Number of protein chains: 2
Amino acid sequence: MKTGDKLTIGLFGFGVVGQGIYEVLQQSLSLNANIKKICIKEPGKKREAPADLFTTDYEELLSDPEINVIVELINDAGEAFKIVSTALKNGKAVVTANKKMVAEHIAELLQLQEQYDTPFLYEAAVCGSIPIIRNLEEYYDNDLLKSICGIVNGSTNYILTKMIDEQMPYPKALEKAQFLGFAETDPSLDVLGIDAVNKLTILIAHAYGVVTHPQRLLHVGIDRLNPFDAKTAEEKDFVIKLIAQAIKLTNGKIAAFVLPHYIDKSSQLYAVKDEFNGVVIQSSLADKQFLYGKGAGRYPTASAVLSDISALRYAYRYEYHKLNTHAEITDDFYLRIYCSFEKITQIDLKDFEWVEEFHSQEVRQYLIGVIQFKKLIASNWFNKKIISVIVCPDGVIEEIDTRKVKKLSHLLAGSHFVEKTSETLSNLTKELSGI
Amino acid sequence: MKTGDKLTIGLFGFGVVGQGIYEVLQQSLSLNANIKKICIKEPGKKREAPADLFTTDYEELLSDPEINVIVELINDAGEAFKIVSTALKNGKAVVTANKKMVAEHIAELLQLQEQYDTPFLYEAAVCGSIPIIRNLEEYYDNDLLKSICGIVNGSTNYILTKMIDEQMPYPKALEKAQFLGFAETDPSLDVLGIDAVNKLTILIAHAYGVVTHPQRLLHVGIDRLNPFDAKTAEEKDFVIKLIAQAIKLTNGKIAAFVLPHYIDKSSQLYAVKDEFNGVVIQSSLADKQFLYGKGAGRYPTASAVLSDISALRYAYRYEYHKLNTHAEITDDFYLRIYCSFEKITQIDLKDFEWVEEFHSQEVRQYLIGVIQFKKLIASNWFNKKIISVIVCPDGVIEEIDTRKVKKLSHLLAGSHFVEKTSETLSNLTKELSGI
């Protein structure tokens, strides 16, 4: 693909985004791009485009020498990877919006791009219309990124907004998100944080040159959040957001995870509501930057796909400059977390370095404390459905002051417990003084 | 300049940004760029770089065939234009942060780029570290931009934040901004809105392909704002921001101006405080996008300049695609404005289509009404120092409902005037019923 080549597109998938692209390309004549063939799964459906455009045969697109761009917009990540890898091998430029496919195969896809010297763009895969990958690639390329911290999943953000702003219970908020088309019928990719961790996997490749698999990164979704957590957020003037975060520690290693976070008013992410996405980039030169926009939907996604198609006109491709820095993921840091449970015995207090707050009510209890990240994920209580964990504002701590450990038993002993838990407390206090 | 060429830089100016660039380039070895010579005005000063790097002779940089990039960072816009135009004529790529120079010479600079086929980049000229030009150029290139609306001047935003959040009077806020280095010693470029309108001139070239002179665009700064206006903002839960705005009307023409605006909580600009900048881009596909970051200062500006230098490695240049659309500026639209004065007789009510609110206190009065933009700028009261004009949220109106005009006299007659002005009112009401 050279600058100035006419773009002849083979499109896979004709769902909402595919239709959006088709529609927009009809109107964007200046782009010098046209769709020659569209590959779909079910041939029978009535579609808003001439019937002779459609085929169910991959090869009609992948083996057509005239088609120089494959735009892949199907749901099935496995099939998508087959299509994309064949296209790259056949020397066709590829544009995709499939975050799951890109995240799970990023290492292979990097190799294919290098081996076949073919552009592969996927701006629409992360934060829809927000040009985050392009800006990380090009604009912050020479700046030292300290952290990248974002709301990257629109459906969970919609649900959390309803839970916090309207005190709507989680199942009802989820139902409403599904009704409005923000969440999938099977919403588990969204609410379990899988979609967010896929996007984080892609982001850290461009931000830090870390090539990893989404399974390597911790992800906790919003399914275990309790109405009590939302109430606590309100009391503390926080909101709850599902955050995908990557931070470069002073030792050069990267802390990266997806967890619910308490966000305070000082953060630009506080005001990111409903289905919107937002990303804060902290760098040593540009300082704090914030990008905000629609993360999903027919036209925002089409807009990003279109920008990628447009960039192919001047043979644009990702350079992945940071791969040479050999940065790696670490679990060796601390988190300040809020943790709520029915009874404090449901967690293991000894896992914490110290506890700064403890609160107990009839309905539920919580504590705020500092814990080693690796202890948290290794603990036997962290994955219990009954426990909810939320990272506190500025919750990533590189090093701790061990003198603070002493505070633990003192704080718990001084708390105002309801009658019911006083026995638990007394046992706890005994146990804690042994730390 | 071809992809992969080594960048040998001639730097004009060694102020805070110039020093920042020098410092950063020393650390960014991967960029394959080095500064060969630095041209400065005063040879005697002690500087944090080897003495043999410095010269006072333009020609040592502009005529050196080895230097293929000129980075221009001097204050004097006239001198800067001489340097930049000579550099382009000599086939050297140019990077500048000089908004005044770019805005005032944009037509000539476009011609020089075309004639000499040389890249000319100026991301740092608008919103410092926010990659707004690059994103308008590349990313929103194929999307239909409805509007672009931004806080583009950090010093005025700092002053307004102090005035609203801390009820600090304007002169004290200005003094503090100067003390912190956000405002120039001669702050008139900032506070009169000249800096903002320079940036707007640059933005509309990339957003809409409109090439004009800043003098063609209305700009009002913040120097005429009254503490009373800040109090009104507080009562209405608004903040005051100096906004550079361009809107594509349904007739395809562009409304563009710099005016103080009341901003409500629903806008992303509401939370842009202190010296930060923010731009909301509304487009038909991507919908609402918001970019936020530091608009000025040594390192944020250096970051933007560095990104431009870095982009020269792959022969990046602005394409100004939208120039072909022949969009033009119009003054034919309406504004909903808040207007405050000592006495209502200081303005001419007949200029308004209608008035929606009228408020009178001993200290000052205000009205909120709808006025034709061209009547506003042609009026004899608009430029009086004693009058302050602030655009209301969503204040640009394309067409009006003339039935509303009737409301005018009714509203004024119903207002609760203080004793003093009742006579004025009575005259007014008489006058108004004649409209």
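**Group meeting: how chains A and B meet**

Hi everyone, let me start in the middle of the interface: strand S12 of chain A and strand S12 of chain B, residues 287–294, pair in the antiparallel sense over three bridges. Please keep in mind that this is a predicted model. Within that pairing, A:Leu291 has B:Leu291 as its bridge partner in S12(B).

Now, how are the two chains related? A turn of 180 degrees with a shift of 0.0 Å along the axis lays chain A on chain B, at an RMSD of 0.0 Å. That is the relation of a two-fold axis. And here our leucine comes back: of the residues of chain A, A:Leu291 comes closest to the rotation axis, with its C-alpha at 2.4 Å.

Let's widen the view to the whole interface. On chain A, 33 residues are in contact with 33 residues of chain B. Helix H6 (132–139), strand S12 (287–294) and helix H12 (298–312) of chain A each supply at least two residues of that side. As for its make-up, the side of chain A that touches chain B has 16 nonpolar, 10 polar and seven charged residues. The copies meet through the same surface, because 100% of the interface residues of chain A are also interface residues in chain B.

One last stop, the nonpolar core. The largest one has 282 residues, and those with the most contacts inside it are A:Val71, A:Val305 and B:Val305. Which residues does B:Val305 touch, leaving aside its neighbours within four places in sequence? B:Val305 is in contact with B:Val17, B:Ile21, B:Val71, B:Val95, B:Ala97 and B:Ala124.

Thanks, everyone!

Technical notes:
Residues are numbered from 1 along each chain as its sequence is written. Chains are lettered from A and ligands numbered from 1 in the order in which they are written. This is a predicted model: local features need pLDDT of at least 70, side-chain atom pairs count only at pLDDT 80 or more; totals for chains, interfaces and linings use all residues. Two residues are in contact if their C-beta atoms, placed from the backbone, lie within 7 Å. Helices (H or I, at least four residues) and strands (E, at least two) are DSSP runs, numbered from the N terminus. Ala, Val, Leu, Ile, Met, Phe, Trp, Tyr, Cys and Pro count as nonpolar, Asp, Glu, Lys and Arg as charged, and the others, Gly among them, as polar. Two strands pair if DSSP finds at least two bridges between them. Copies are superposed by least squares on the C-alpha atoms of residues with pLDDT of at least 70 in both. A nonpolar core is a set of buried Ala, Val, Leu, Ile, Met, Phe, Trp, Tyr and Cys residues joined through C-beta atoms within 7 Å. A residue is buried if 20 or more other C-beta atoms lie within 10 Å of its own, exposed if 12 or fewer, and partly exposed in between; C-beta atoms are placed from the backbone.
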